[in-house]
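Me: I have a model open on my screen. Please walk me through how to read it, feature by feature.

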Amino acid sequence: MLLSIAEFLRQHRVALQQSRQRIAFVVHEQEDTQQACSDFVAQAPAEKVLLLSSGLNGGVVPEKATMLLGEEYQLVIVDARDDIHPDALGIVSGVLVGGGCLLILLPQQSIWLSNKDRYKKHLQSLLLAQKNIFYPKNLHEMAEISSEFSPQAAIEYEASFPYLTSDQQLAVESLYRGLYQKQEFCALLTSGRGRGKSSSLGLLSAKLMHEGQYNILVTAPKSSVCKPLFSQLQALCEEGRMSTSCFSYKKSTVSFIAPDALLLQRPHADIIFVDEAAAIPLPMLQQLVEHYPAVVFSTTTHGYEGTGRGFVLKFFKLLDKLRPGWEKVEMHQPIRWAQDDPLEKWIESLLFLDLRLPDKPRLADSLNTCELELVNRDELISDSQSLSSIFSLLVYAHYRTSPSDFRYLLDSNDIRLYVLKCQQQITGVLLLSLEGGFDAQLSTDIYRGQRRPRGHLLAQTLCFHAGEEKAATLKYARIMRIAIHPEVQQQGLGSELLLRVIAEEKARHIDVIGSSFSATAELLAFWEKADMLLLRMGFSRDHVSATHAAVVGQGLSVEGEALINTLSSKFNRNLPLWLEGPLSELAPDLVAKISNDMSDTESSVSQQDLDDVISFALYNRNYDACLPAITRWLNSLKNIQEYLDKNEFEIIQSSMRNKNNWQQIAEDISATGRKQAIALLRDALHHLLINNRILATSA
């Protein structure tokens, strides 16, 4: 069959290229796939071929698909026989140029829909009667395929070099005028995928560098996002020099810097470009708007790069408040393929990228009239209106919602999906993950850092990081997402939904309900209102959001309440020492918020402390998590030099003196780095525990 498809492509090659339309073939495995693919590639009329596969020779694994952003291919083959990766499919469909073909390989037809995979049923429903999406089941059907590709689909947009569309030219010239004429300028460039948005920032940078002297900083969630920008610079400024993440031309520079580093260092810049801004949290963007006078944001309005539509609603309001008179620049004309490309529309439907926010809900005078409903996902897959409403709310509420989240929502066995209906309209959505319930031995292994079962974030965090050995034996409900229609927020609906779900999960015999999220004072106040206690703050910052993760929880059973109360008290007791060490750079408003229940620093050593010291010394517990206990225990000892050799004493002294400065600690003891220094500290503490008769010699 694949060779028949190759013949089809040869016959229609000229017409396809003239129309700049893209097509797709979806076929089931029927022969030796490796040999068939090799023969197909050899005979298909494609100059540049991409194979996305975990099993076939020469394939790019789906997990590395983001590395392909900015590339262009005439033929893309997606091996989906073992699994479908929605995010990767979205990426590779975006690198397929006009006139190209997407080939998707599915498992044998006899096993394709044999299980309860709801996402496969969603895909199957989109394979029938779709223009330019061919789904032949055998060679006979393949022979009957015919299609016309009209050259009229390839509308040429009048534009002068180096622009590819009039849209792009108008956008770049508009942004250039604003930046050239005004010292303070703020703009947002938006477009769908394949419109040349990142390339436009490159064209704009080149125009600025030719006309003046500028220090331009570019930031984005990943440096690979900016590949088209730097490619344009290299093409248009031939005498320029490209070094690591920096392009220099004449007396101007364009440099990439990660979002967290940009906000931490606040380097001087004449202009800031923020690419794929929808994938960066609003609080970070707000700081950039407030600090830098000339900022151009750009974002994809929807897609795998970030949740553009939800972002736009909130970001417009932010810019209206902080930068009145900001400019909105839009690009609609596709560059890589024809206008109204059938494959683009099909991919948008398949990956749920063509979402529309539901109409504003009608609220009654009392929230008591709203109804909580546990969604039956088997019924949901055939209810397109409810499915669209649910996922739309999740997308508009969360900046990191991706196509893979849609599949997870449909297929995961370990989630529950609740909706809040007001006047029969879905107004709020809550998605939670069921975790924990491990046996005692596995929970101990997790506590010691010897096992890490996939998923179960809340159960493992409270066991390993918070330091409760049997925590993973309890049953957890982790709230992953909570979303309220943006036009009726701040009216108590989120709290109402949360409180009702808490009551429902308690009736289902869950021990602990909780959540993990990027910590802000506002979000902590929301969870606190629902009687959720703060149990942990992450010690490292997210490299995109520059925030620390927070973990909150509420006990719903006797065992759950005991665990939450114990860990909450432990957190508050340890917090003063953490604020001196790994949490020393926490935002002031966050420190003020979490310090309300902070205990006075106590010097006495508890059994909890000894457990933390022992688990660090003997096993793989995290040092930062155990630091307060180690500090209190060491301070309680006298004449520890008597029990240690010189090197052991030096590593302990240096760790106490330098807190979390592992570079300095490593230098003090001539270690190769943090990893070796921590290993030496474990050994020293182990020796000290034995000599103080806390551990037996054989421990």
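Me: Let's start with charges and rings. Which ring does the charged end of lysine 48 sit over?

Reply: The charged end of lysine 48 sits over the ring of tyrosine 73, 5.0 Å from its centre. The test is geometric: NZ of Lys or CZ of Arg must be within 6 Å of the ring centre and within 35 degrees of the ring normal. Arginine 22 also has its charged end over a ring, that of tryptophan 337, 3.7 Å from the centre.

Me: What should I know about the numbering and the model?

Reply: Residues are numbered from 1 along each chain as its sequence is written. This is a predicted model, where local features need pLDDT of at least 70, side-chain atom pairs count only at pLDDT 80 or more, and totals for chains, interfaces and linings use all residues; side-chain values use heavy atoms, with hydrogens and water left out.

Me: Tyrosine 73 is in strand 3 (residues 73–79). How many residues of strand 3 are buried?

Reply: Six of its seven residues are buried, so strand 3 is mostly covered, where buried means under 20% relative accessible area, exposed over 50% and partly exposed in between (1.4 Å probe, protein chains only). Strands (E, at least two residues) and helices (H or I, at least four) are DSSP runs, numbered from the N terminus.

Me: Which strands are joined to strand 3?

Reply: The general idea is that strands of a sheet pair through backbone hydrogen bonds, either parallel or antiparallel. Two strands count as paired if DSSP finds at least two bridges between them. Here strand 2 (residues 49–52) runs parallel to strand 3, joined by four bridges. Leucine 51 has isoleucine 77 of strand 3 as its bridge partner. Strand 4 (residues 96–106) is also parallel to strand 3, with six bridges. There, cysteine 101 of strand 4 partners leucine 75.

Me: Now the eight-stranded sheet. In what order do its strands lie?

Reply: The order is 8-9-10-7-11-12-6-13, in an open sheet with mixed pairing. Its edge strands, strand 8 (241–243) and strand 13 (327–331), each pair on one side only. Neighbouring strands are turned by 15° against each other on average, direction ignored. Axes are lines fitted to C-alpha atoms, for helices over the stretch in contact, and angles run from 0 to 180 degrees between N-to-C directions.

Me: How does strand 8 pair with strand 9?

Reply: Strand 8 and strand 9 (residues 246–249) are antiparallel, over three bridges. Arginine 241 stands opposite serine 248 of strand 9.

Me: Which strands does helix 9 lie across?

Reply: Helix 9 (residues 227–236) lies across strand 7 (215–219), strand 8, strand 9 and strand 10 (252–256). The angle to strand 10 is about 155°. Contact means heavy atoms within 4.5 Å.

Me: How many aromatic pairs are there?

Reply: Rings of Phe, Tyr and Trp (its six-membered ring) pair if their centres lie within 6.5 Å; planes under 30 degrees apart count as stacked, over 60 as edge-to-face and the rest as tilted. A search of the whole structure finds 16 pairs. One of them joins phenylalanine 8 and phenylalanine 25, edge-to-face, at 5.3 Å centre to centre and 80° between the planes. Phenylalanine 8 lies in helix 1 (residues 2–19) and phenylalanine 25 in strand 1 (residues 23–28), so this pair ties together parts 17 residues apart in sequence. Both residues are buried.

Me: What about phenylalanine 297 and phenylalanine 315?

Reply: Their ring centres are 4.9 Å apart and their planes are at 80°, so the pair is edge-to-face. Phenylalanine 297 is in strand 12 (residues 294–300) and phenylalanine 315 in helix 12 (residues 308–322), 18 residues apart. Both are buried. Elsewhere, Tyr119, Phe352, Phe391 and Phe406 form one aromatic cluster.

Me: Which cysteines form a disulfide?

Reply: A disulfide is a covalent bond between the sulfur atoms of two cysteines. The cut-off is a pair of sulfur atoms within 2.5 Å. The structure holds one: cysteine 370 and cysteine 422, with sulfur atoms 2.3 Å apart. The link is right-handed, with 100° about the S-S bond.

Me: Why does cysteine 186 form no bond with cysteine 226?

Reply: Their sulfur atoms are 18 Å apart, too far for a bond. Cysteine 186 counts as buried because its relative accessibility is 5%.
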